[in-house]
Amino acid sequence: MSLKLSLFENVIDSLNEALRKYKEGQDGDENAYKFCVQNLCHFLELLLKYQVTRSHNLLIYRHPFKKINPDSVTIGIWEAIQFLENDGKKISPDFHSDLEWLKKLRNNIEHYQFEMQLPEVNDTVGRLINSALLFGYEHQLELSKHIDQEFLELAEVYKARLAVAITKVEESEEIAFRGLRHKEFGDVRFGPFACNNCGHLTLIPNDDSHTGYRCEFCNEVEGDEMEVGCDICGASTEYGEMEFWTTDRDTIEMRCPMCTMAYKKGRDD
């Protein structure tokens, strides 16, 4: 007996395996959720490759003009995206953002550490399924008929939660700028900024957060674009540009690039 799957059959097989792992997780095997997410990542990667092969089968290979054999290396997610864009295929900003977030998530699973509460698992599954459906809609792929109803429902819940978060951001933004003249808008550092956890543009000022910001979708309090004060000079600087130093008192100090440069120069002198 041999097992042979076409590329699209392989796409759906990874999707179905993700569903099996999700149900194992619901039955009490929490480690199965990790493999559910991994299989969904694989499903999306294969889906992109499949779309490339609809232009030409050989384009799935990294070196299509060399002799092709079972060991030939195939392209990755970002190469597939670049080909589709070069070929005039639409890649929505939301799908692109989801892939950036997926890249970070997949790296943590495969090379670092993985920790999720069940609500986060549901959000992750819903987001990946929603992303796949978005891609399928844009590229005339009828995916919904291949996706289990439970996964489709998670995608709907995810979309609804995101819509609520975006509405909160819009309402808070309206309040932040209410009563200001247009020339005064530049004095307000509102955002919204990209959240370091979920990647959505839902990180906005929040007085109850120790960083001064909070994501309206996932409650993360950090984002590389948010502005914080340097602990040395007090200058407002983007969080992602700060360097963190351990002081003699074993506390953490945030230093802007200028203060970091001045410290290093003084130390070298």
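1. The surface that the chain exposes comes to about 16,300 Å², and carbon and sulfur atoms supply 48% of that area. Since this is a predicted model, the area, like every other value in this note, is computed from predicted coordinates.

2. On confidence, the chain averages a pLDDT of 89, and 98% of the residues score at least 70. Confidence is highest in helix H6, which covers residues 149–177 and has a mean of 95, while the lowest value belongs to helix H7, residues 257–268, where the mean is 80. As a general caution for reading any such model, predicted coordinates should not be read in detail where pLDDT is low.

3. Turning to the overall architecture, the chain contains seven helices and six strands, and their order along the sequence is α-α-α-α-α-α-β-β-β-β-β-β-α. Taken along the principal axes, the box filled by the C-alpha atoms is roughly 70 × 50 × 45 Å.

4. As for how the chain packs, it has 269 residues, of which 38% are buried. If one takes the contacts with a separation of 6 or more, 48% of them are made by residues 24 or more positions apart.

5. Which residues lie closest to the centre of the largest pocket? This pocket has a volume of about 600 Å³, and of the 24 residues that line it, Trp101, Glu115, Met116, Glu120 and Asn197 are the closest to its centre. At least two lining residues come from each of helix H4 (93–111), helix H5 (118–138) and H6, and, sorted by class, the lining holds nine nonpolar, seven polar and eight charged residues.

6. The second largest pocket holds about 400 Å³ of space, and 18 residues line it, with Asp94, Leu162, Ile166, His200 and Leu201 the closest to its centre. Two or more residues of this lining are given by each of H4, H5 and H6, and it is H6 that makes the largest contribution, with seven residues. The classes here divide into eight nonpolar, five polar and five charged residues.

7. When the model is inspected on screen, helix H6 is a useful place to begin, for two separate reasons that can be checked against the points above. Helix H6 has the highest mean confidence in the chain, and H6 also supplies the largest share of the lining of the second largest pocket, besides giving at least two residues to the lining of the largest pocket.

Definitions and conventions. Residues numbered from 1 in each chain as written. Predicted model: local features only at pLDDT ≥ 70, side-chain atom pairs only at ≥ 80, totals over all residues. Heavy atoms only, no water. pLDDT = per-residue confidence, 0-100. Helix = DSSP H or I, 4+ residues; strand = E, 2+ residues; numbered from the N terminus. 1 Å grid on protein atoms, 1.4 Å probe; cavity = no way out; pocket = protein on both sides within 12 Å on 5 of 7 lines; lining within 4 Å. Points joined across faces, edges and corners; volume = space filled by probe spheres on them. Nonpolar A, V, L, I, M, F, W, Y, C, P; charged D, E, K, R; others polar. Buried < 20%, exposed > 50% of the residue type's maximum accessible area, 1.4 Å probe, protein only. Contact = heavy atoms within 4.5 Å. Areas by Shrake-Rupley, 256 points an atom, 1.4 Å probe, with all protein chains shown as cover.
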